[in-house]
Amino acid sequence: MTKNYFMKKVIKKVAVLGSGVMGSRIACHFANIGVEVLLLDIVPKDAAADKKSRNKIVNDALAFALKSNPSPIYKKSFANRITTGNFEDDMKNISTCDWIIEVVVERLDIKKIVFDNVEKFRKPGSLITSNTSGIPIHLMLEGRSEDFQKNFCGSHFFNPPRYLKLLEIIPTPKTSQDVLDFFMHYGDLYLGKTTVLCKDTPAFIANRIGVFGIMSLFHLVEKMGLTVEEVDKLTGPVLGRPKSATFRTCDVVGLDTLIHVANGLAQGVQNDESKEFFKLPAYVAKMSENKWLGDKTGQGFYKKVKSAGGKSEIQAMDLKTLEYKPSQKVKFATLEQTKPIDNLKDRLKVMIAGKDKAGDFYRASFFGLFQYVSNRIPEISDELYKIDDAMKAGFGWELGPFEYWDALGVKETVAFMEKSGSKPAKWVYDLIALGKNSFYAVENNSKKYYDIPSKSYKAIPGTEDYISLEIIRPTKTVWKNSGATVTDIGDGIINLEWNTKMNSIGGEVIEGVNKAIEIAEKDFKGLVISNEGANFSAGANVGMIFMLAVEQEWDELNFAVKAFQNAMMRVRYSSIPVVVAPHNLALGGACEMSMHSDKVVAHAETYMGLVEFGVGLIPGGGGSKEFAVRLSDELQEGDVELNNFRDKFLTIGQAKVGTSAYEAFDLGYLRKGIDRVVVSYPRLLAEAKAECLKLSVGYSQPVPRKDIRVLGRQALGLAYLGADSMLNGNYISEHDVKISQKLAYVLCGGDLSSPTLVSEQYLLDLEREAFMSLAGEKKTLERIQSILVGGKVLRN
């Protein structure tokens, strides 16, 4: 990228033309990252002259998006960054925009009309992109000016834009290289996207491979006689895919959407050796004819019905008769063998070797997929890593096709593929002939991909600013135990991670916290606490608490709770800076750990909260104490002080969880002016390390607090009265009242006659005493047991 271009190009305002499902949500995501947005759509037919009537379509679309679940917006107030308007009255305002994104209906003639108007009003040098998912990008250039052409390309967001991380950038022959370089950088750094540069081929990369995978599976299911439930069991989390697997995903997305893309591919890929797979099987065609399109029509591959007793029941379609039957539990011997295996790459070897129908299914589907993706190079991409990136970010796969293949062994898999009649492309044989058996290699702590033209491994562009624990861990491990690992991430900073079920925090993790701080204080500048699991942590190990309480091992439970508190205080008061970098779930103990750090660098998609109330407890790892500390530091007296007390009391008492890192600030879990948010997940660890290095310069070890102002009876009475009122109104149970009183007692510093200054240790002792008393309650044990038996997330 030309340095001068990059320095000058700043995106302050974006215009989104079209406010449908995609347009309104793209607008929301730009608002999420602080960009001002102009969202425009057509004027309704026969609209009155007033602005409200003329903007009805766009305003209704945005309102619908903002009410949707999951929310497209990080924080409700961010929607104020979006201004709405219509194409007739407000198109002139795109002259103030730096990037104009077309998201209108998928018709080339209509898009050309929109671009005619864009040409009239856009400022020279502004970027223009189309969010089309199927129309060839180069066809949109006809009649466009030279400046338009060099600043134009495709920008294909995936729905929902906030949550699906893929952004495909599709250039035309006229697109400026500076523009492409800018989009690749901006998509990653600011939008938090896996930004993949694509060729202008039908359906680009992700949908070309993803829809092939689904359509070939449709045909395979028909051939093998598998049921809807069996396929979804085989293609869900066990395979490193989303829980919605295959058929449930089709119902959510809409079968009509899939059919539209498949039909487009059937017509547009005449030279594709597997084009027959894009033709609809009879049962899919019949479902389309019957308008059984999934959730949008009330039935698809699944249907929810009321049983005779009035209970909701999920029924699944019999693909042979097209009749619905009660959904059946699925068991395969191969899947039973995979249950003890947590690592996906290890599971794959068991799955592909299965001797039952599941094994047959995996071999057929994998071998067909591997053959297909090998044949798509160089048609849809010159580099294989782009196909993997697109499938992981666009379809939620844990591994991309070539990564799956690597896990099974390239050479060994090719031998099996040949026997099944699924020979891969010639370049795969060339790789094997060179004595190589993988598409990726790690060299000098950097992941590299096999470059086909040069027949060598090359660094993946754009990843030089990332730190991957998976890559550096094998050579940079400083210390480890059964659940936790300390890794040297360079420049005097170490990282603590753990790998337990749901990344829950137990004894081995507490040992890891203490050991990591000990090592850092002796030989390093600072410590980052982060991991690459699906979730940062679902909290402390509730199963351990339940076991000790049931067996009345009170001394052991008290010791465990005190050890947790002491570890959190070490995080707060070590002689080196500690930065916590959470992502996704950061609940209970994980929230407490974050609250005790010097700084939190949170991924935008962090769902943080103190949720112990839900299992009949209060935060016992310093979380209750920390809320008392933060309340004291707000330094307000009188009614305002009591209002702040009430807010903090209710945050814990209602087990509130932020639906983004930004909401965690409003709930008091994150600190304004201290903690920060990172939108790009691959950059999270590197950003946390950078913050830790900054803090390490002249770092001064904090001193435990003894100046915490607690309110005593002044606020205690308010909390008790509120709990009694809720009980009398039948909003909470008697046990909830007891938990509320215990929580209030800690936050108020006990039954003190007037506001008093106390120490952190005083509050921790109150917190631990309250936690212990609640842990022995029958109702608490019943709640914990129901969670454990129900297999829900262990959130404490």
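**Figure 1. Lys13 is found in strand 1.** This close-up comes from a predicted model. At 16% relative accessibility, Lys13 falls under the 20% cut-off and so counts as buried. The side chain of Lys13 makes a polar contact with the side chain of Thr96, at 3.0 Å. Beyond its neighbours within four places in sequence, Lys13 is in contact with Val35, Glu36 and Leu38. Asn93, Thr96, Cys97, Asp98 and Trp99 also belong to this contact set of Lys13. Thr96 thus appears twice in this view, as a polar partner of the Lys13 side chain and among the residues in contact with Lys13.

**Figure 2. Strand 4 pairs with strand 1 and with strand 5 in the parallel sense.** Four bridges link strand 1 (13-17) to strand 4 (99-102). Across this pairing, Val16 stands opposite Ile101. Four bridges also link strand 4 to strand 5 (residues 127-130). Here Glu102 stands opposite Ser130. Between strand 4 and strand 5 the chain passes through helix 6 (residues 108-121). This β-α-β crossover is right-handed.

**Figure 3. Strand 4 is covered on both faces.** In a regular strand, side chains alternate between the two faces of the sheet. Trp99 and Ile101 lie on one side of strand 4. Ile100 and Glu102 lie on the other. All four are buried. Two of these residues recur in other views: Trp99 is in contact with Lys13, and Ile101 is opposite Val16.

**Figure 4. Eight strands form an open, mixed sheet.** The strand order is 3-2-1-4-5-6-7-8. Strand 3 (82-86) and strand 8 (194-197) stand at the edges. Each has a single partner strand, so one side of each is left without a neighbour in the sheet. Neighbouring strands are turned by 25 degrees against each other on average, direction ignored. Strands of a sheet pair through backbone hydrogen bonds, either parallel or antiparallel.

**Figure 5. Strand 2 joins edge strand 3, and helix 2 lies across both.** Strand 2 (residues 36-41) and strand 3 run parallel, joined by five bridges. Leu40 has Gly85 of strand 3 as its bridge partner. Helix 2 (residues 21-32) lies across strand 2 and strand 3. The same helix also lies across strand 1 (13-17), strand 4 (99-102) and strand 6 (152-157). Helix 2 runs at about 170 degrees to strand 2.

**Figure 6. Phe332 lies in a loop and is buried.** The loop runs between strand 11 (323-326) and helix 14 (333-338). Phe332 counts as buried because its relative accessibility is 9%, under the 20% cut-off. Leaving out residues up to four places away in sequence, Phe332 touches Leu226, Glu230 and Leu234. Asp356, Lys357 and Ala358 are also touched by Phe332. Lys233 is 99 residues from Phe332 along the chain, and their C-alpha atoms are separated by 9.4 Å.

**Figure 7. The chain as a whole has 33 helices and 25 strands.** The radius of gyration is 28 Å, close to the 28 Å that the globule rule gives for 796 residues, so the chain is as compact as a globular protein of that length. Along its principal axes, the C-alpha trace spans about 80 × 70 × 65 Å. Of the 796 residues, 54% count as buried. Among contacts with a separation of 6 or more, 70% come from residues 24 or more positions apart.

Note on methods:
Residues numbered from 1 in each chain as written. Heavy atoms only, no water. Pairing = 2+ DSSP bridges. Helix = DSSP H or I, 4+ residues; strand = E, 2+ residues; numbered from the N terminus. Axes fitted to C-alpha atoms, helices over the stretch in contact; angles between N-to-C directions. Contact = heavy atoms within 4.5 Å. Buried < 20%, exposed > 50% of the residue type's maximum accessible area, 1.4 Å probe, protein only. Right-handed = clockwise from strand over helix to strand, strands pointing away. Polar contact = N/O pair within 3.5 Å; in protein donor to acceptor, adjacent residues only side chain to side chain. Rg over C-alpha atoms; globule rule 2.2 N^0.38 Å.
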